[in-house]
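Trainee: I keep hearing structural labels thrown around, and I'd like to know what stands behind them. Can we go through this one label by label?

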Amino acid sequence: MLKLLRSLDNAILNLNDFESLARRHLPKAIFGYVQGGADDGTTIQHNLRALDRLRMVPRVLRDVSACSQQVTLFGQSFASPFMIAPMGASAIVGHDADNAMARAARSARIPYILSANAITPIEEIGRAYPGCWFAGYQKPDESNIERMVARVSDAGFSAYFLTADVAVGSNRENNRRNGYTMPFRPTARLALDMVRHPSWLYRTGWRTFRQRGLPRISNIDPVARPSIFSREINAVTGYPHFSWKHAEMIRRRWKGAFIIKGILSPEDARLAREMGADGIVASNHGGRQLDCAVSPVETLSRIREVCGDMTLLVDSGFRRGTDVIKGLAMGADSVLIGRPFLYAAALGGEQALKHAITLLQREIHTDMCLMGVEDCQALREQTVFFE
Ligand SMILES: Cc1cc2nc3c(=O)[nH]c(=O)nc-3n(C[C@H](O)[C@H](O)[C@H](O)COP(=O)(O)O)c2cc1C
């Protein structure tokens, strides 16, 4: 691992490179939790194929010497058109991963979204990255909504993402096959898996335990922080009777930017706009919820049409600078990226995350110049089509 950190520049040339190293470093159960999807993982593959099928038409002989990838989202200026997606239980994958992601994002001037399912409390991340963003799995209960919104606001967060594509937990067979369960169930098989990965066991497992004791899911409730072994966390995904009515309750109480994450239908985008959301994330949760769902890039331009001036973000399978550019050209204002950043955090914490961010920034810069555009807005005028 030390060798890897010393030679990040040579070992890891793009975001995809983190995955194969993480596969070796992480216990099989934990790697599977990050990499896996619902049912047969059809949507994970489909997300990559959909992006791959998009072709771009570059323009030439345009002065691109002042090319800038800066974007403005919810009135805030950011250095690049991508951000770190919310990911639950990250601090089990990499030591102090939520803090590492928040610090790396802050210093690179890109957004970081903390998950409700994180081990690290909202208040701690609010200090690491003031004005940072939060993604809630909210209980459909008015008093809980009120207290949760107050907690997120008091911690200094500026945007609330409601994760909407989790009416129930999905079918993750890969987790069952690998012995990963939530709540965590210690078994001989899991123990052996961990012992076979001593670098993870010491650098993450042991150090996390020493730092925090039993890891706790810290942000699903205004007060309760159930341990990862507790039965209470059976319901850490969504709640089946959560509906637009509850989303409106959050909207009314939350004074900052309010974004609904997990939209694929233009009709839902219209409903989000009508209920006063400031933005949406077109997403299939990285293939982790409904298997065989469309890829967001397949509905993005139709969603853009109904969005008006509402901010449109997108995720699921974006890895390359060209992927980000395709998303922007089809109407998105910025892109969320999940798994590669979590692998980076697991392999080398903040340093590896900074490396990952720099790699993607370089690719975006090169690709924007080759497309003949000087800013992200101009990408909207470029032609992108499905082959
Ligand atoms: C390990 C893991 C945990 C996740 N946990 C959450 C979560 O707590 N809340 C949420 O809204 N999305 C969650 N997601 C989905 C991501 O926010 C994002 O939509 C998805 O990872 C994007 O796809 P990508 O990983 O292919 O970039 C999680 C994804 C992963 C990989």
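Trainee: Why is His285 called buried?
Mentor: This is a predicted model, and in it His285 has a relative accessible area of 12%. Buried means under 20%, so His285 earns the label. You'll find His285 in the loop between S9 and H15.

Trainee: And what makes the phi of His285 worth a remark?
Mentor: Phi is near 65° there, a positive value in a residue other than glycine. Ser316 gets a remark on the same grounds, with phi near 105°, and Ser316 isn't glycine either.

Trainee: Is Ser316 buried or exposed, and how do you know?
Mentor: Its relative accessible area is 4%. Set that against the cut-off of under 20%, and Ser316 is therefore buried. Ser316 sits in the loop between S10 and helix H16 (321-329).

Trainee: Then why is Asp309 called exposed?
Mentor: Exposed means over 50% relative accessible area. Asp309 has 74%, so the label fits. Asp309 belongs to the loop between helix H15 (296-307) and strand S10 (311-314). If you want to place Asp309 against Glu142, the two are 167 residues apart in sequence and 29 Å apart in space, C-alpha to C-alpha.

Trainee: What makes S8 "largely enclosed"?
Mentor: Seven of the seven residues of S8 are buried, so the rest of the structure largely encloses this strand. S8 has a partner on either hand: strand S7 (residues 159-163) pairs with S8 in the parallel sense over five bridges, and four bridges join S8 to S9, again parallel.

Trainee: How do you know that those count as pairs?
Mentor: Two strands pair if there are at least two bridges between them. Five bridges for S7 with S8 pass that test, and so do four for S8 with S9. To find the register by eye, look for Phe161 opposite Ile259 in S8, and for Lys261 opposite Val281 in S9.

Trainee: Why is the route from S8 to S9 called a right-handed crossover?
Mentor: The chain goes from S8 through H14 to S9. A crossover is right-handed if, with the strands pointing away from you, the path from the first strand over the helix to the second runs clockwise. This β-α-β crossover is right-handed. Helix H14 (residues 266-274) lies across strand S8 (257-263) and strand S9 (279-282), at about 165° to S8.

Trainee: Which other crossovers are right-handed?
Mentor: Let's start with the pairing. S5 and S6 are parallel over three bridges, and Ser115 stands opposite Ala135 in S6. The chain crosses from S5 through helix H8 (residues 122-128) to S6, and that β-α-β crossover is right-handed. The next one leads from S6 through helix H9 (residues 142-154) to S7, and it is right-handed as well. S6 and S7 pair in the parallel sense over four bridges, with Gly136 opposite Leu162 in S7.

Trainee: Which way do the residues of S6 point?
Mentor: In strand S6 (residues 133-136), Trp133 and Ala135 point one way, while Phe134 and Gly136 point the other way; all of them are buried.

Trainee: What makes S4 and S5 edge strands?
Mentor: Take the whole sheet to begin with: eight strands form an open sheet in the order S4-S11-S10-S9-S8-S7-S6-S5, with parallel pairing. Strand S4 (82-84) and strand S5 (113-115) are the edges, as each pairs on one side only. Neighbouring strands here are turned by 25° against each other on average, direction ignored.

Trainee: How do you know that S10 and S11 pair?
Mentor: The rule asks for at least two bridges. S10 and strand S11 (residues 334-337) have two, in the parallel sense, so they pair. Leu313 stands opposite Ser334 in S11.

Trainee: What makes the peptide bond between Met182 and Pro183 cis?
Mentor: Omega is about 0° at that bond. Pro183 lies in the loop between helix H10 (173-178) and helix H11 (188-195).

Trainee: Last one: how do you know that the protein's radius of gyration agrees with a compact globule?
Mentor: With 387 residues, a compact globule would come out near 21 Å, and the protein has 20 Å, so the two agree. Buried residues make up 59% of the 387.

Technical notes. Residues are numbered from 1 along each chain as its sequence is written. This is a predicted model: local features need pLDDT of at least 70, side-chain atom pairs count only at pLDDT 80 or more; totals for chains, interfaces and linings use all residues. Side-chain values use heavy atoms; hydrogens and water are left out. Buried means under 20% relative accessible area, exposed over 50%, partly exposed in between (1.4 Å probe, protein chains only). Axes are lines fitted to C-alpha atoms, for helices over the stretch in contact, and angles run from 0 to 180 degrees between N-to-C directions. Contact means heavy atoms within 4.5 Å. The radius of gyration is taken over C-alpha atoms; the globule rule is 2.2 Å times the number of residues to the power 0.38.
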